[in-house]
Amino acid sequence: MSSAVSSPVKVRRGKASIISVSVVRVIVFTICCAGLGMAFGLFGGILVQVARSLVHRGSAGDMTVAYRFVGIPLAAVCGVGALIVFTVLETRTARRLLAKK
């Protein structure tokens, strides 16, 4: 008598499945890293603007500086870096999975 527990079935993925999942992973991780870069950049930029206004005893500075000069550039750098790193990692993984077939 055989049961599902005693005879495991290995699921085979096709080429299209492996490639499409790799592309989706790269896109999702790139967007997440760019978003995190934007968040940390804005937080840091706002902290710098607040510290600057406290040191100079003035009113609150223009907070759009945090977007223009810190947040957006850091998001772009994080996004490009993540795109490169995750493309390399996913390419290696996809090659390894496709070579097993």
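## A tour of two helices

Of the 101 residues of the protein, 17% count as buried (under 20% relative accessible area; exposed is over 50%, partly exposed in between; 1.4 Å probe, protein chains only). This is a predicted model, in which local features need pLDDT of at least 70 and side-chain atom pairs count only at pLDDT 80 or more, while totals for chains, interfaces and linings use all residues. Residues are numbered from 1 along each chain as its sequence is written, and side-chain values use heavy atoms, with hydrogens and water left out.

**Start with the whole chain.** Switch to cartoon. You will see two helices and zero strands (DSSP runs numbered from the N terminus; helices are H or I, at least four residues, and strands are E, at least two). Now consider contacts, meaning heavy atoms within 4.5 Å. Take those between residues at least 6 apart in sequence: 77% join residues at least 24 apart.

**Select residues 15-55, then 64-99.** The first selection is helix H1 and the second is helix H2. They pack at an angle of about 155°, with axes 7 Å apart. Each axis is a line fitted to C-alpha atoms, for helices over the stretch in contact, and angles run from 0 to 180 degrees between N-to-C directions. H1 and H2 are therefore roughly antiparallel. That label applies over 145 degrees; under 35 counts as roughly parallel, 65 to 115 as roughly perpendicular and the rest as oblique.

Turn the view to look across the pair. The crossing of H1 past H2 is right-handed: the near helix is turned clockwise from the far one by less than a right angle, whereas anticlockwise would make it left-handed. Colour the contact by residue type. It holds 23 nonpolar, nine polar and three charged residues. Here Ala, Val, Leu, Ile, Met, Phe, Trp, Tyr, Cys and Pro count as nonpolar, Asp, Glu, Lys and Arg as charged, and the others, Gly among them, as polar.

**Select Arg-25 and Glu-90.** How many salt bridges does a search of the whole structure find? It finds one (a side-chain nitrogen of Lys or Arg within 4 Å of a carboxyl oxygen of Asp or Glu). The partners are Glu-90 and Arg-25, with their closest N and O atoms 3.6 Å apart. The pair links distant parts of the chain, with Arg-25 in H1 and Glu-90 in H2, 65 residues apart. Glu-90 is buried at 11% relative accessible area. Arg-25 is partly exposed at 37%.

**Move to Gly-41.** This residue lies in H1. Its relative accessibility is 1%, so Gly-41 counts as buried. Beyond neighbours within four places in sequence, Gly-41 contacts Val-70, Gly-71 and Leu-74. Add Ile-72 and draw a C-alpha to C-alpha distance: 7.6 Å from Gly-41, across 31 residues of sequence.

**Go on to Val-48.** You are still in H1. Is Val-48 buried or exposed? Val-48 counts as exposed, at 53% relative accessibility. Its C-alpha is 8.4 Å from that of Ala-66, 18 residues apart in sequence.

**Finish at Gln-49.** Gln-49 is also in H1. With 8% relative accessibility, Gln-49 counts as buried. Show what Gln-49 touches, leaving out residues up to four places away in sequence: Gly-61, Asp-62, Met-63 and Val-65.
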